[in-house]
Amino acid sequence: SSGRIEEVQTAIAGLHEAGLEVLLDVVYNHTGEGNELGPTLSFRGLDNASYYRLLPQDRSKYINDTGTGNTVNAEHPMVLRLILDSLRYWVEVMGGDGFRFDLCATLGRRAKGFDLSAPFFAAIRQDPVLSGVKLIAEPWDIGPGGYQLGAFPTPFHEWNDKFRDGARRYWRGERGRIADLADRLSGAATQFDHSARPATASINLITAHDGFTLRDLTEYLERHNEANGEGNRDGHGANYSDNFGVEGPSDDPEIEAARAQRRRNLLATLFLSQGTPMLLAGDEIANTQGGNNNAYAQDNETGWIDWAGADDALYRFTQRLIAFRQHHPILRQRRFLHSRERPADGLPDLFWWRADGDMMEDGDWRREGPLCAELRMASDTPFYAETEVAIYLIFNRGKACEVVLPPTPETRAWRLASDTSLADGGSADRTCRGRTAVPAASVLALVLERADG
């Protein structure tokens, strides 16, 4: 209320006491100058040619890789020093635990384009303060070659928009999405498994502060941003959403039940995948923005979380999902799963199964049907880190069916632990052998446990 620095420090310290870390969303890729015709607000009047990237053929004009009119020149040593000093201040003085970098591809740009050895990355890696905090990149900008998902060096993590779009497109029923979903479930190794990066490098998300909320993803086909004053032209156009035949809220109980189950399926996909899950605040209680997918300008009921209208069933479901993930190390490994043989038992660390109990073959990835994955600890996991045997996941966006389960030793059986066809994700806690019934449009998680429980 007073605007004093210690208020921020006290808030961060209080969050730490509650067991929460604080990551700051920072924007170092542009300033408030706009383009060369805009007002002099920031570094233009100090040293325009050093702080901004200028067009080689006309140095009176800005390069616009950010979409805001100007691009900060993070390659210049004094500009880089300014950025690093700012970052260290937020860690050492204010107590922050890490950063999410807006349009981080811009910070890795050099004269010839994006470079993972750019001065910004090199400086971060050798900095005794910043190399030890959490670093998350938004791995793109709008400039040439600006989409760099998976290209960032350790220790950066990255927002994975392919996970977001792949999960949305699978669950809204697009054909030919099974192979893509499998890649997302296994941590997007095709993008991230290089340069000794961990499987946690992929920040998996279904929704973020930009775009639809989880609820709106199941209620709207089109964005409704008229209140933003930009003629409904702003905001992301490719939402891969589904309104179940009615735009906006519905009084049809069947439609509302289907929408609720879709939300549970999307959340289950998020929390049962390898990588690091990111949950948008309010999605756990089905918060809505009324179809506005770019609510940056709405400091009102549109952009606020409606705690009074919380969906208690979805809240309990999300709690169960988080607890399940925390309880099972197989779901949060730092090593990638590549279906490689494990020295401990000679079994691959990842099986892809068909519903009839046979292993997936090349032609099966182009067919429709449930996607079934059997996961174990990664093949190069030390024996002393082996804490559980296997988890079996079934992703079924089609009709109710039956799935043949992998065979088990006499002393073990599959226990159904989660079922998204149930409102809170709970189950009958039943033991399964041989085969199991799979409800329509659902996700099931089974754990291989001792037969005696």
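Trainee: Where does P155 sit?
Mentor: P155 is in the loop between strand 7 and strand 8 (156-160). Keep in mind that this is a predicted model.

Trainee: What makes the peptide bond from T154 to P155 cis or trans?
Mentor: Look at omega. For the bond from T154 to P155, omega is near 15 degrees, and that bond is cis.

Trainee: What is notable about phi of A196?
Mentor: Phi of A196 is near 60 degrees. That is a positive value, and the residue is not a glycine. A196 belongs to the loop between helix 7 (189-192) and strand 9 (202-205).

Trainee: Why is A196 called exposed?
Mentor: Its relative accessibility is 75%. The cut-off for exposed is over 50%, so A196 counts as exposed.

Trainee: And what is phi of A441?
Mentor: Phi of A441 is near 45 degrees, again positive in a residue other than glycine. This alanine lies in the loop between strand 17 (435-438) and strand 18 (442-450).

Trainee: How do you know whether A441 is buried, exposed or partly exposed?
Mentor: The relative accessible area of A441 is 27%. Buried needs a value under 20%, and exposed needs one over 50%. A441 falls in between, so it is partly exposed.

Trainee: Why is L107 called buried?
Mentor: L107 has 2% relative accessibility. Buried means under 20%, so L107 counts as buried.

Trainee: Where is L107, and which residues does it contact?
Mentor: L107 is in the loop between strand 4 (98-101) and strand 5 (109-110). Setting aside neighbours within four places in sequence, L107 is in contact with Y28, N29, A74, I83, F101, A118 and F120. Each of these contacts has heavy atoms within 4.5 Å.

Trainee: How do you know that C372 and C401 are not bonded through sulfur?
Mentor: A disulfide is a covalent bond between the sulfur atoms of two cysteines. The pair counts if the sulfurs are within 2.5 Å. The closest cysteine sulfur to that of C372 is in C401, 7.6 Å away, so the gap is too far for a bond. By this rule the structure has zero disulfides.

Trainee: Are C104 and C372 buried or exposed?
Mentor: C104 has 0% relative accessibility, so it counts as buried. C372 also has 0%, so it counts as buried.

Trainee: What makes K134 and E21 a salt bridge?
Mentor: Their closest N and O atoms are 2.9 Å apart. The limit is within 4 Å, so the pair qualifies. K134 lies in strand 7 (residues 134-137), E21 in the loop between helix 1 (5-17) and strand 1 (23-26), so the pair ties together parts that are 113 residues apart in sequence.

Trainee: Why are K134 and E21 called partly exposed?
Mentor: K134 has a relative accessible area of 42%. E21 has 48%. Partly exposed lies between the 20% and 50% cut-offs, so K134 fits, and so does E21.

Trainee: How many salt bridges are there?
Mentor: The structure holds 37. R259 takes part in one with E256, where the closest N and O atoms are 2.8 Å apart. R259 and E256 are three residues apart in helix 9, so about one helical turn separates them. Salt bridges that share partners join R215, E219, E256, R259 and R263 into one network.

Trainee: How do you know that R259 is buried?
Mentor: The relative accessible area of R259 is 0%. That is under 20%, so R259 is buried. Its partner E256 has 26%, so E256 is partly exposed.

Trainee: What forms the nonpolar patch on the surface?
Mentor: I5, Y89 and V93 form it, with about 240 Å² of accessible area together. V93 is in the loop between helix 3 (77-92) and strand 4. At 39% relative accessibility, V93 counts as partly exposed.

Trainee: How many helices and strands does the chain have, and why is the chain called compact?
Mentor: The chain has 10 helices and 18 strands. Its radius of gyration is 24 Å, close to the 22 Å that the globule rule gives for 453 residues, so the chain is as compact as a globular protein of that length. Buried residues make up 50% of the 453 residues.

Notes. Residues are numbered from 1 along each chain as its sequence is written. This is a predicted model: local features need pLDDT of at least 70, side-chain atom pairs count only at pLDDT 80 or more; totals for chains, interfaces and linings use all residues. Side-chain values use heavy atoms; hydrogens and water are left out. Helices (H or I, at least four residues) and strands (E, at least two) are DSSP runs, numbered from the N terminus. Buried means under 20% relative accessible area, exposed over 50%, partly exposed in between (1.4 Å probe, protein chains only). Patches are made of residues with over 30% relative accessible area and no salt bridge: like charges are joined within 9 Å, nonpolar side chains (Val, Leu, Ile, Met, Phe, Trp, Tyr) within 5 Å. Accessible areas come from the Shrake-Rupley method with a 1.4 Å probe; for residues, only the protein chains shown count as cover. A salt bridge is a side-chain nitrogen of Lys or Arg within 4 Å of a carboxyl oxygen of Asp or Glu. The radius of gyration is taken over C-alpha atoms; the globule rule is 2.2 Å times the number of residues to the power 0.38.
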